[in-house]
Amino acid sequence: MIKLQNPLVRILNQIERTFYADVDVIMVYSNFVKYVFKKFLDLECIAIPPPIDTNLYKPLKKDPRLILSVTRFHPDKELHIMAKWFTKHVKGDVRYIIAGRVLDRYYWYYQYLKDLARKDKRITIVPNPSEQDLAKLYGHAAIFWYIHQEHCATTPVEAMSAGAVPIILDRPGLREAILHKETGIIAQNKYEFIKWTYLLLEDHTLRRHMGVNAREICKLKFSKDAFYRKFRSILESLS
């Protein structure tokens, strides 16, 4: 079997193709993963996004000047880029919180982000938040920033569940979770990203409207109930 470099299919290179002979359906967790499996392995899959706990991640009293990012503290996540964008392009009494898990291997990157935060007192770094603390951050945030492509847009969807408006770059794994100008913003470049940030910071009515839409679409498409309905439908189609 050809050895592939894509991390999504690396593990499959260690499995004989005959493994799939008696498999009725392969379910993957995003359309991006579905595309990769088809492109590299010529395997047809059904995409079913993982469920989000919409009872945990829910709107609280919003801070209209709070931007949030959540992911692992890993250099590939490009958190330092967003921190620099914030310092350079977002002025005034806006706050930016970056929260996530600290990885031992990349502890240096966590320290680097802390150094960036020391240069701009409006930036706060929150290491290893508990699930409840993370839910509070989502609940209070007005805007959610994310730019790194993902297999599945988990944290932007969690933010949507809490009524925060995601602003993302148009990258695989992210774009499929958001309806542009309805539940969030899909920016084509840094300049659009910053432009929409300013617009949503200033236009509270638009931001609240999009936040409500984001919450409703999240319950409809990404909640536990939505997952169970789709999963049950797939199983019934095989019986």
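How are α7 and α8 oriented to each other: roughly parallel, roughly antiparallel, oblique or roughly perpendicular? Here are some friendly notes to help you find out.

1. A word on the model: it is predicted, so local features need pLDDT of at least 70 and side-chain atom pairs count only at pLDDT 80 or more, while totals for chains, interfaces and linings use all residues. Residues are numbered from 1 along each chain as its sequence is written, and side-chain values use heavy atoms, leaving out hydrogens and water.

2. Look at helix α7 (residues 190–202) and helix α8 (residues 204–221), which pack at about 100 degrees with axes 5 Å apart. Helices here are DSSP runs (H or I, at least four residues), and strands are too (E, at least two), numbered from the N terminus. Axes are lines fitted to C-alpha atoms, for helices over the stretch in contact, and angles run from 0 to 180 degrees between N-to-C directions. Angles under 35 degrees count as roughly parallel, over 145 as roughly antiparallel, 65 to 115 as roughly perpendicular and the rest as oblique. The two helices, α7 and α8, are therefore roughly perpendicular.

3. Where they meet (heavy atoms within 4.5 Å), α7 offers residues including Trp 196 and Glu 202, and α8 offers residues including His 204 and Met 210.

4. Glu 202 also forms a salt bridge with Arg 65, with the closest N and O atoms 3.5 Å apart. The term means a side-chain nitrogen of Lys or Arg within 4 Å of a carboxyl oxygen of Asp or Glu. This pair links distant parts of the chain, 137 residues apart: Arg 65 sits in the loop between β2 (46–47) and β3 (66–70), Glu 202 in helix α7. The structure holds 11 salt bridges.
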